[in-house]
Amino acid sequence: MFFRVCALRLRTSASSSLLCSSVGFQQFLSPPLHNTTTITSMSSKVAVVTGGNKGIGKAIVQALCKEFQGDVYLTARDEGRGQEAKASLSAAGLKVHFHQLDINDAGSITRAADYFKDKYGGVDVLVNNAGIAFKVADTAPFSQQAEVTLRTNYFATRDMLTHFLPLVKAGGRVVNVSSFVSVRSLNMCSPELQSRFRSDDISEDELTQLMTRFVDLAKDDRHKQGGWPETAYGVSKIGVTTLSMIHARRLTKERPNDQILVNACCPGWVRTDMAGPKAPKSPEEGAVTPVYLALLPAGASQPHGKFVSDKTVQTW
Ligand code: NDP
């Protein structure tokens, strides 16, 4: 149903690009400047990266600026940090655009979604990179860590996809930055939970209920009894990986001809503010697998609905 709505929207946007020639006719009737701009943007491809102001996200933006044939948007929750990152990439000679986007803010998500729908008729590449992690040494209670971590990494990423997946154009690529920790944490779940996360029939609602249950159990320190591991970050990324698989299956079913590929990935252990200075990979190296998935060539049918690390599909 959800995807039927988007198919409808896509048909509308496809027909509006077909209408370019008749818009040409309309230009005789109305001032041309605005229309010309709209037509140019509508025919441009566009890539959007969340959490693009630093770390792996910024390196993904940088690589896309070099390799993606179209407009690249660095998005960030903080306008100042986003503009600063944009300026540093521009200073290196790259052409990059900026749009504010806080994935925890529903208004910010809808404003951005409307912007890309109006200016480009949708998006061609979406990289959900934004994420948070408490430091190991953080003394915040586990219940709080569970609530806060899942709020951004799972629930806000899901909100992004609720609004942006219908905007993904035919041939589009969606990359959700998860983590190898999702696989490790999956293996620490009870057999019952593991079988649900690995099943082909888990729905987005069921997954969301499971994520909510983890947060609720963690409030009373009962998550271990409930079969969950002692890692809020790991559980949040189980959610991201499983959600990617659910969306891939749904797209295959509901938009079979659109050849959209959705995958989750691990960037590796990367030197960023999140992972610290001892990690072996540079942000540029961490961007390699997400960018590979974002730029899977037209006509490719795989990987789709997979968890990918080092450009290789991993066992889930
Ligand atoms: P950083 O902490 O360096 O960067 C995280 C980015 O996400 C920042 O731009 C941050 O913005 C942004 N962000 C956080 N919350 C929000 C929000 N609500 N809305 C928009 N942006 C937000 O982390 P990394 O670059 O290391 O991590 C990027 C992704 O890679 C994450 O999803 C992480 O879980 C994943 N990952 C990282 C690994 C590593 O070794 N580094 C390993 C495996 C996965 P701000 O600057 O405003 O805080």
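**Cysteines**

Start with the cysteines of this predicted model. Colour their sulfurs and look for bonds between them: the structure holds 0 disulfides. Select Cys265 and Cys266 together. The closest cysteine sulfur to that of Cys265 belongs to Cys266, and at 7.2 Å the two are too far apart for a bond, because a disulfide needs the sulfur atoms within 2.5 Å. Cys265 is buried, with a relative accessible area of 0%. Move to Cys65, which is also buried, at a relative accessible area of 17%.

**The whole chain**

Zoom out and switch to a cartoon view. The chain has 13 helices and 8 strands. Of its 316 residues, 51% count as buried. Now consider contacts between residues at least 6 apart in sequence: 72% of them join residues at least 24 apart.

**Helix 10**

Select residues 204-219, which form helix 10. This helix has 16 residues and runs 23 Å from its first C-alpha to its last, close to the 22 Å expected at 1.5 Å a residue. Show the side chains of Glu204, Leu207, Thr208, Leu210, Met211, Phe214, Val215, Leu217 and Ala218; these residues of helix 10 are buried. In an α-helix, residues three or four places apart point the same way, because there are 3.6 residues a turn.

What covers the buried residues of helix 10? Add helix 7 (142-164), helix 9 (191-198) and helix 11 (232-254) to the selection; the cover includes these three. Then step just past the end of helix 10 to Asp221, where phi is positive, at about 55°.

**Helix 10 against helix 11**

Keep helix 10 and helix 11 on screen and hide the rest. Two packed helices are described by the angle between their axes and the distance between the axes. Here the angle is about 175° and the axes are 10 Å apart. Helix 10 and helix 11 are therefore roughly antiparallel. On the helix 10 side, show Glu204, Leu207, Met211 and Phe214. Their partners in helix 11 are Ala232, Val235, Ile238, Gly239, Thr242, Leu243, Ile246, His247 and Arg250. Glu204, Leu207, Met211 and Phe214 are also among the buried residues of helix 10.

**Helix 7 against helix 11**

Swap helix 10 for helix 7. The axes of helix 7 and helix 11 come within 8 Å and cross at roughly 20°. That angle makes the two helices roughly parallel. Their crossing is right-handed.

Which residues of helix 7 meet helix 11? Show Phe142, Gln145, Ala146, Thr149, Leu150, Asn153, Tyr154, Arg158 and Leu161. Across from them in helix 11 are Ala232, Tyr233, Val235, Ser236, Lys237, Gly239, Val240, Leu243 and His247. Leave Ala232, Val235, Gly239, Leu243 and His247 highlighted: these residues of helix 11 meet helix 7, and they also meet helix 10.

**Ile132**

Next, select Ile132, in the loop between strand 4 (123-128) and helix 7. Leaving aside neighbours within four places in sequence, Ile132 is in contact with Val148, Thr149, Thr152, Asn153, Tyr233 and Met274. Thr149 and Asn153 of helix 7 and Tyr233 of helix 11 also take part in the packing of those two helices. For a distance check, pick the C-alpha atoms of Ile132 and Arg151: they are 9.7 Å apart, with the two positions 19 residues apart in sequence numbering.

**Tyr120**

Go to helix 6 (residues 106-120) and select Tyr120. Is Tyr120 buried or exposed? It is buried, with a relative accessible area of 1%. Not counting residues up to four places away in sequence, Tyr120 touches Ser41, Met42, Ser44, Lys45, Val46, Asp71, Tyr73, Tyr115 and Lys169. Of these, pick Val46: its C-alpha lies 7.2 Å from that of Tyr120, although the two residues are 74 apart along the chain.

**Backbone stops**

Finish with three loop residues. Gln259 sits between helix 11 and strand 6 (261-266). Its phi is positive, about 55°, although Gln259 is not a glycine. Gln259 is partly exposed, with a relative accessible area of 44%.

Continue to Pro303, in the loop between helix 13 (288-294) and strand 7 (307-309). The peptide bond joining Gln302 and Pro303 is cis, with omega about -10°.

The final stop is Lys311, in the loop between strand 7 and strand 8 (312-314). Lys311 is another non-glycine residue with a positive phi, near 60°. Its relative accessible area is 46%, so Lys311 is partly exposed.

Methods:
Residues are numbered from 1 along each chain as its sequence is written. This is a predicted model: local features need pLDDT of at least 70, side-chain atom pairs count only at pLDDT 80 or more; totals for chains, interfaces and linings use all residues. Side-chain values use heavy atoms; hydrogens and water are left out. Buried means under 20% relative accessible area, exposed over 50%, partly exposed in between (1.4 Å probe, protein chains only). Helices (H or I, at least four residues) and strands (E, at least two) are DSSP runs, numbered from the N terminus. The expected span of a helix is 1.5 Å times one less than its number of residues. Contact means heavy atoms within 4.5 Å. Axes are lines fitted to C-alpha atoms, for helices over the stretch in contact, and angles run from 0 to 180 degrees between N-to-C directions. Angles under 35 degrees count as roughly parallel, over 145 as roughly antiparallel, 65 to 115 as roughly perpendicular and the rest as oblique. A crossing is left-handed if the near helix is turned anticlockwise from the far one by less than a right angle, and right-handed if clockwise.
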